[in-house]
Amino acid sequence: MTTTDRFEYDPMDPETLADPFSAHTGLRQQCPVHYYEGFGENGFYTLSRHEDVVDLFKNLDRWSGTFGQGPIYYQEGGLRSDPPEHTTYRRLVTRAMPARQVPAMEGVVRDIANGLIDSFVRKGEVDLIAEFAMPLPVIIISKLLGVPEERGAEFKAWSDEFMAGQNAADPEVQGRARAKIDGYFIEELRRRRALVEAAGEGTEVVGTVLPDDILTAVMLAEHDGRPFTDEELLPLLLLVLVGGNETTTSLIGSMVARLLDLDLWDRVVGDESVWDVAIEETLRYDPPVLGLFRTARGPQRVHGVDIPADAKVQGLFASANRDPEVWDDPQAFRLDRDLVELRAKQTSFGIGITLCPGAALARRETLIALELLGRRLPNLRRAGADRRVASFMMWGRQTLPVAWDTEPG
Ligand code: HEM
């Protein structure tokens, strides 16, 4: 009846974790709708072909985004990815989010990146993830959210705890981390609202009484003639905090590792005209998020396979990005691809109404990282084995030891 058991795919298997892409090729060719039993009570389905992955995220009549983006089924999803709730929330996201602020952020990103490099440049060897690729997005997002620098480490710990809960499918761990993050924002929103009230009606508060950051923007935003409630704001703030950190770290780490391994680093560093393509090709080839989940609205049939109502279904961005139906020579990392086509077809920032609003910022951070690491760490090379991030849904490096030539004396 089904074609789900023709190809063995265990996303948690150590070999698959080390190289998910080979498994994806098998899935696309032999088992485009795969059922995996090994997760929780109900397991989950996986779609791997480009057109099916696009349908999963775009066809809102068939697939819902409300019950969590991971394999756990949440009755009350935090993401609000279905209209009409998503429409309201997205309006808030686009008001608050950095796309329009990215050019203004350029100097800040550059200063933070240079400061991080300053701290280790004389050593000649470093774990690039721990000392650069991880702190860079965390410091930037904390700045955007108005988190004071001295609380940055605490924030990072909460965000890591939240991700660990998600990865271990442990709603309790995730809930605890979420409560801490929510607690901080509730308190800070209360403090800022009191400042607005004290300033009196009609006073221009942005940039005077209140800092000009995302938190102020969302706090002052209105819809249907009223401000957003804390209940509406908290899931957004959480997503901005946890959504942009590990992903950007992975993009920077994968780009450096891939270019070094393919002996392309020096060539790319020396030719500014290929920087954008190098970043976009890294996104296609090494997506920080391998795949995300949606939930079946009622029974669905895909390629002759019956998927029951409420089943969790994973759409593999990583596999869509290497589908030979859509890409020439998909298994090769190439710098001669067309940038416009790459941007239009790679799916690593998501698809449809939930397309990542942080994409412009992530690309810019990575571009600045490429430029500054290239300029300041001559003869960059690997200095030992790296380690993969733990989650089967994510792809990137937890460690990346590198070395470079330091100036004599
Ligand atoms: C390379 C870095 C990044 C990658 C690969 C990435 C990936 C994604 C993906 C795949 C989605 C779609 C989620 C879904 O459909 O369920 C998404 C959404 C989102 N991302 Fe990113 N992201 C990155 C960076 C960022 C940054 C830097 C921020 C914040 C500053 C951010 C904030 C968000 C938010 C708020 C959403 C939800 C949008 C919505 O629901 O409408 N992301 N991201």
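# Notebook: a walk through the fold

**Entry 1, the middle of a sheet.** I started at Tyr45, which stands opposite Val313 in strand 10. A reminder to myself that this is a predicted model. Strand 2, residues 44–47, and strand 10 run parallel and are joined by 3 bridges. On its other pairing, strand 2 meets strand 1 in the antiparallel sense, over 4 bridges. There I found Tyr36 opposite Phe44 of strand 2.

I then asked which residues of strand 2 are buried on each face. Phe44 and Thr46 are buried on one side, and Tyr45 and Leu47 are buried on the other, so I noted both faces as covered.

**Entry 2, the whole of that sheet.** What is the strand order here? I read 1-2-10-7-3, an open sheet of 5 strands with mixed pairing. Strand 1 (33–36) and strand 3 are at the edges; each has a single partner strand, so one side of each has no neighbour in the sheet. Further in, strand 7 (residues 291–296) pairs with strand 10 (residues 312–316) in the antiparallel sense, through 5 bridges. In that pairing I saw Arg294 opposite Val313 of strand 10. Val313 had already turned up opposite Tyr45, so it was a handy landmark for me. **Entry 3, the smaller strand group.** My next stop was an open sheet of 3 strands, in the order 4-14-11, with antiparallel pairing. Its edge strands are strand 4 (125–127) and strand 11 (381–382), each paired on one side only. I counted 3 bridges between strand 4 and strand 14 (residues 401–403), which pair in the antiparallel sense. Which residue is the bridge partner of Glu125 in strand 14? I found Ala403 there.

**Entry 4, around the ligand.** I looked up which residues come nearest to the ligand. Of the 28 residues around it, these are Gly244, Gly350, Thr354, Cys356 and Gly358. The elements that give two or more residues to this shell are helix 4 (85–96), helix 11 (230–243), helix 12 (245–261) and helix 17 (359–376). By class, I noted 16 nonpolar, 11 polar and 1 charged residues in the shell.

**Entry 5, helix 9.** How far apart should the ends of helix 9 be? Helix 9 covers residues 171–199, which is 29 residues, and at 1.5 Å a residue it should span 42 Å. Its end C-alpha atoms are 41 Å apart, which agrees with that expectation. Along helix 9, I found Gln174, Ala177, Arg178, Ile181 and Phe185 buried. Just after the helix, Gly200 takes a positive phi of about 90 degrees.

**Entry 6, two glycines.** Is Gly65 buried or exposed? Gly65 has 24 other C-beta atoms within 10 Å, and the cut-off for buried is 20 or more, so Gly65 counts as buried. Gly65 lies in the loop between strand 3 (63–64) and helix 4. From Gly65 to Leu241, 176 residues apart in sequence, I read 19 Å between the C-alpha atoms.

Gly26 sits in helix 2 (residues 20–30). Gly26 has 16 other C-beta atoms within 10 Å, so I put it down as partly exposed. Leaving out residues up to four places away in sequence, Gly26 touches Phe7 and Tyr9. The C-alpha atoms of Gly26 and Tyr184 are separated by 45 Å, with their positions 158 residues apart along the chain.

**Entry 7, positive phi outside glycine.** Asp224 is not a glycine, yet its phi is positive, at about 50 degrees. I placed Asp224 in the loop between strand 5 (222–223) and strand 6 (226–227). Asp224 counts as exposed because it has 5 C-beta neighbours inside 10 Å.

Asp329 also has a positive phi, near 50 degrees, in a residue other than glycine. I located Asp329 in the loop between helix 15 (317–320) and helix 16 (339–345). With 10 C-beta neighbours inside 10 Å, Asp329 counts as exposed.

**Entry 8, stepping back.** The protein chain has 17 helices and 14 strands. I checked its radius of gyration against a compact globule of 409 residues, which would have a value near 22 Å; the chain has 22 Å, which agrees. Along the principal axes, the C-alpha atoms fill a box of roughly 70 × 60 × 40 Å. Buried residues make up 38% of the 409 residues. What share of the contacts with a separation of 6 or more is between residues 24 or more positions apart? I noted 70%.

Conventions
Residues numbered from 1 in each chain as written. Predicted model: local features only at pLDDT ≥ 70, side-chain atom pairs only at ≥ 80, totals over all residues. Near = placed C-beta within 6 Å. Nonpolar A, V, L, I, M, F, W, Y, C, P; charged D, E, K, R; others polar. Pairing = 2+ DSSP bridges. Rg over C-alpha atoms; globule rule 2.2 N^0.38 Å. Buried ≥ 20, exposed ≤ 12 C-beta atoms within 10 Å, placed from the backbone. Contact = placed C-beta atoms within 7 Å. Expected span 1.5 Å × (residues − 1).
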